[in-house]
Amino acid sequence: FSFYFLINSLYPYPLVNFLPTIGIYAIAWIIGFMSIIVPGGIGVREGVLSILLSYYLSPSMAIIVVFLGRIWSTLGEVIFFLIFAKDIPKYISHRL
């Protein structure tokens, strides 16, 4: 859902493209996850996303959206880690 809203915040993106965008993101994520050569599918997911989104956006806008999406998801993972990293020393001391 939020990937559609990310695109819509940068570019006028019709609601008709909502379901295809969700499908494109899911397909790109799965292909990136299944890529065993690169860790985390870095570059693979972006390539698939930019190719598939270029059917709905201009290629340059698709590339901008894809890289902003990678930054956005990486920031979310870092924030999630920082929220729960404060409890790591507590768990380590219980195991010692």
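**Entry 1: helix H2**

I started on the outside of H2: Leu19, Phe33 and Met34 are exposed there, on the face turned away from the helix's buried side. A note to self before going on: this is a predicted model.

Next I looked up the buried set of H2, and got Phe18, Thr21, Ile24, Ala28 and Gly32. They sit on the same side of H2, because the arc they cover around the axis is only 125 degrees. I then checked what lies over these buried residues, and the cover includes helix H1 (2–10) and helix H3 (44–53).

For the length, I counted 17 residues in H2, running from 18 to 34. First C-alpha to last comes to 25 Å, close to the 24 Å expected at 1.5 Å a residue.

**Entry 2: helix H1**

I moved to H1 and asked which of its residues are buried. The list is Phe3, Tyr4, Leu6 and Ile7. Their arc around the axis is only 160 degrees, so they too fall on the same side of their helix, H1. Phe5 and Ser9 are exposed on the other side of H1. As for what covers the buried residues of H1, I found H2, H3 and H4 among the elements doing so.

**Entry 3: helix H4**

H4 takes in residues 59–85, which is 27 residues. I got a reach of 39 Å between its first and last C-alpha, close to the 39 Å expected at 1.5 Å a residue. Its buried residues are Met61, Ala62, Val65, Val66, Gly69, Arg70, Ser73 and Ala85.

I wanted to see what meets this helix from H3, so I picked Ser50, which lies in H3. Is Ser50 buried or exposed? Its relative accessible area is 18%, and the cut-off for buried is under 20%, so Ser50 goes down as buried. Leaving out residues up to four places away in sequence, Ser50 touches Ala62, Ile63 and Val66. Two of those names, Ala62 and Val66, I had already written down as buried in H4.

**Entry 4: the largest pocket**

I looked up the largest pocket and noted a volume of about 210 Å³. Which residues line it? I wrote down Tyr25, Trp29, Gly32, Phe33, Gly40, Gly41, Arg45, Arg70, Trp72, Ser73 and Glu77. H2 and H4 each give at least two residues to this lining. Sorted by class, the lining has four nonpolar, four polar and three charged residues.

Some lining names were already in my notes. Gly32 is on the buried list of H2, whereas Phe33 is exposed on the face turned away from that buried side. Arg70 and Ser73 are on the buried list of H4.

**Entry 5: two lining residues of H4**

I took Trp72 next, which has its place in helix H4. Trp72 has 36% relative accessibility, so I logged it as partly exposed. What does Trp72 touch, not counting residues up to four places away in sequence? The contacts are Ser2, Phe3 and Tyr25. Phe3 is 69 residues from Trp72 along the chain, yet I found their C-alpha atoms 9.4 Å apart. Phe3 is also one of the buried residues of H1, and Tyr25 is another residue of the pocket lining.

Last, I checked Glu77, also in helix H4. Glu77 reaches 54% relative accessibility, and exposed starts over 50%, so Glu77 counts as exposed. I also took the separation of Glu77 from Glu46, 31 residues away along the chain, and got 17 Å between the C-alpha atoms.

Technical notes: Residues numbered from 1 in each chain as written. Predicted model: local features only at pLDDT ≥ 70, side-chain atom pairs only at ≥ 80, totals over all residues. Heavy atoms only, no water. Helix = DSSP H or I, 4+ residues; strand = E, 2+ residues; numbered from the N terminus. Expected span 1.5 Å × (residues − 1). Buried < 20%, exposed > 50% of the residue type's maximum accessible area, 1.4 Å probe, protein only. Arc of directions from axis to C-beta. Contact = heavy atoms within 4.5 Å. 1 Å grid on protein atoms, 1.4 Å probe; cavity = no way out; pocket = protein on both sides within 12 Å on 5 of 7 lines; lining within 4 Å. Points joined across faces, edges and corners; volume = space filled by probe spheres on them. Nonpolar A, V, L, I, M, F, W, Y, C, P; charged D, E, K, R; others polar.
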